[in-house]
Amino acid sequence: MNGAHDMGGQRDMGPLEYEKNEPVFHAPWEARVYALTRAMRAWGKWNLDADRHALERLPPADYLRMSYYERWFHRLARQVVEHGLVSKEEFESGMAAPGSTKTPAMTLATFPHWLSRGIPSSEDPNVRPRFKVRQRVRARNISPTGHTRLPRYVRGKAGVIVRDHGVYLFPDSNAHFQGEKRQHVYSVRFTAQELWGSRAFHNDSVYVDLWDDYLEHI
Amino acid sequence: MPPVWYKSAPYRSRAVIDPRGILREFGTQLPDDVEVRVWDSTAELRYLVLPERPVGTETMNEEQLTSLITRDAMVGVAKVTLPTSRGNP
């Protein structure tokens with residue numbers, strides 16, 4: 001989705017606000033939102049890619065205005081209602097509807113692996129790579145309307161495969177519960193001049209991790 | 001957990017197009033003959049930054065070396081410096 005989140009290459013988005021000895025969280029609610037977000041995924045109603053897409057679907061002006069954990073809070077609010085864990089009324093009142101048993105309290109007994117982490121990836125020999133290391137490729141010029149991890153700034157640009165990372169779920173389909181479409185992910189090197197023009201520094205480059213379906217042969 | 005600036009729009013937008021400018025803001029001035037490689041972590045791969053060992057640390061043990069490491073050095077925006085030169089322009 002061509003949204004506000006896909007901001008690589010934009011200018012003038014403000015100064016870097018560096019904070020010396022920055023704490024992990026700036027307020028207790030941030031830690032709570034972080035923990036809730038991690039915990040609520042344990043229901044299995046949505047996956048990590050769907051969660052990323054939910055952030056992208058925040059209204060662009062809100063996305064840019066909100067702090068990192070504000071975005072997480074609004075995403076969580078949207079996810080639990082959209083996926084039917086609580087009703088909009090329940091969320092707003094903070095109280096379960098009378099007689100509601102749809103979403104029992106989460107406990108360690110019912111969700112012993114609530115924090116189980118790990119990204120599905122593998123060295124599956126049955127999934128063939130379409131490209132080889134050192135091969136020149138072009139990032140496809142596409143504008144998916146759903147989730148994608150193909151940044152706008154590399155679309156249509158030529159690069160070189162420098163590494164094959166193995167097999168991963170395809171976010172563009174997985175985020176929409178349309179299948180895992182497991183495929184190879186590569187590290188692709190683009191020169192700064194290919195991306196930004198001849199005035200870019202001649203020996204700088206950007207390495208982007210790209211899925212097979214994002215690339216085409218040159 | 002990454003610091004707030006690392007997740008902010010100003011950094012995310014500029015890092016890929018103006019890495020040298022960003023490094024300058026962190027006080028890291030790179031000579032022109034140093035190649036800058038930006039790693040945009042667009043998939044599930046995460047990268048570990050191994051800071052360059054500063055000259056003059058050859059006799060230091062692991063504990064002394066560890067004490068020189070900063071968060072910025074691990075993020076990759078600052079070099080590791082010796083205490084005597086730290087803070088100097």
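**Stop 1: two helices in chain A**

Select helix H1 (residues 28–40) and helix H4 (residues 68–82) of chain A in this predicted model. They pack at an angle of about 40°. Their axes are 9 Å apart. The crossing of H1(A) and H4(A) is left-handed.

Now show side chains. From H1(A), pick Glu30(A), Val33(A), Tyr34(A), Leu36(A), Thr37(A) and Met40(A). They meet Tyr69(A), Trp72(A), Phe73(A), Leu76(A) and Val80(A) of H4(A). Colour this contact by class: nine residues are nonpolar, one is polar and one is charged.

**Stop 2: the two domains of chain A**

Zoom out to chain A. The domain assignment gives domain 1 as 1–109 and domain 2 as 130–217. Place a marker at the C-alpha centre of each domain; the two centres of chain A lie 27 Å apart.

Next, select where the domains touch. Domain 1 of chain A brings eleven residues to this contact, and domain 2 of chain A brings twelve. Which classes appear on the side of domain 1 of chain A that touches domain 2 of chain A? Two residues there are nonpolar, five are polar and four are charged.

**Stop 3: chain A against chain B**

Bring chain B into view. The contact between the chains takes 34 residues from chain A and 28 residues from chain B. On the chain A side, highlight strand S3 (158–168) and strand S5 (205–211); each supplies at least two residues. Which element gives the most to the side of chain A that touches chain B? S5(A) does, with six residues. By class, this side of chain A has 19 nonpolar, eight polar and seven charged residues.

Stay on S5(A) and add strand S1 (residues 37–40) of chain B. Four bridges join the two strands, which run parallel. For a single pair, click Val206(A): Val38(B) in S1(B) stands opposite.

**Stop 4: Tyr47(B)**

Move along chain B to the loop between S1 and helix H3 (62–66), and select Tyr47(B) there. Is Tyr47(B) buried or exposed? Tyr47(B) counts as exposed, because 11 C-beta neighbours lie inside 10 Å, and the cut-off for exposed is 12 or fewer.

Show the surroundings of Tyr47(B). Leaving out residues up to four places away in sequence, Tyr47(B) touches Trp39(B) and Ser41(B). Finish with a distance label from Tyr47(B) to Val75(B). The two are 28 residues apart in sequence. In space they are 9.6 Å apart, C-alpha to C-alpha.

Terms used. Residues are numbered from 1 along each chain as its sequence is written. Chains are lettered from A and ligands numbered from 1 in the order in which they are written. This is a predicted model: local features need pLDDT of at least 70, side-chain atom pairs count only at pLDDT 80 or more; totals for chains, interfaces and linings use all residues. Two residues are in contact if their C-beta atoms, placed from the backbone, lie within 7 Å. Ala, Val, Leu, Ile, Met, Phe, Trp, Tyr, Cys and Pro count as nonpolar, Asp, Glu, Lys and Arg as charged, and the others, Gly among them, as polar. Two strands pair if DSSP finds at least two bridges between them. Axes are lines fitted to C-alpha atoms, for helices over the stretch in contact, and angles run from 0 to 180 degrees between N-to-C directions. A crossing is left-handed if the near helix is turned anticlockwise from the far one by less than a right angle, and right-handed if clockwise. Domain bounds come from an automatic or database domain assignment. A residue is buried if 20 or more other C-beta atoms lie within 10 Å of its own, exposed if 12 or fewer, and partly exposed in between; C-beta atoms are placed from the backbone.
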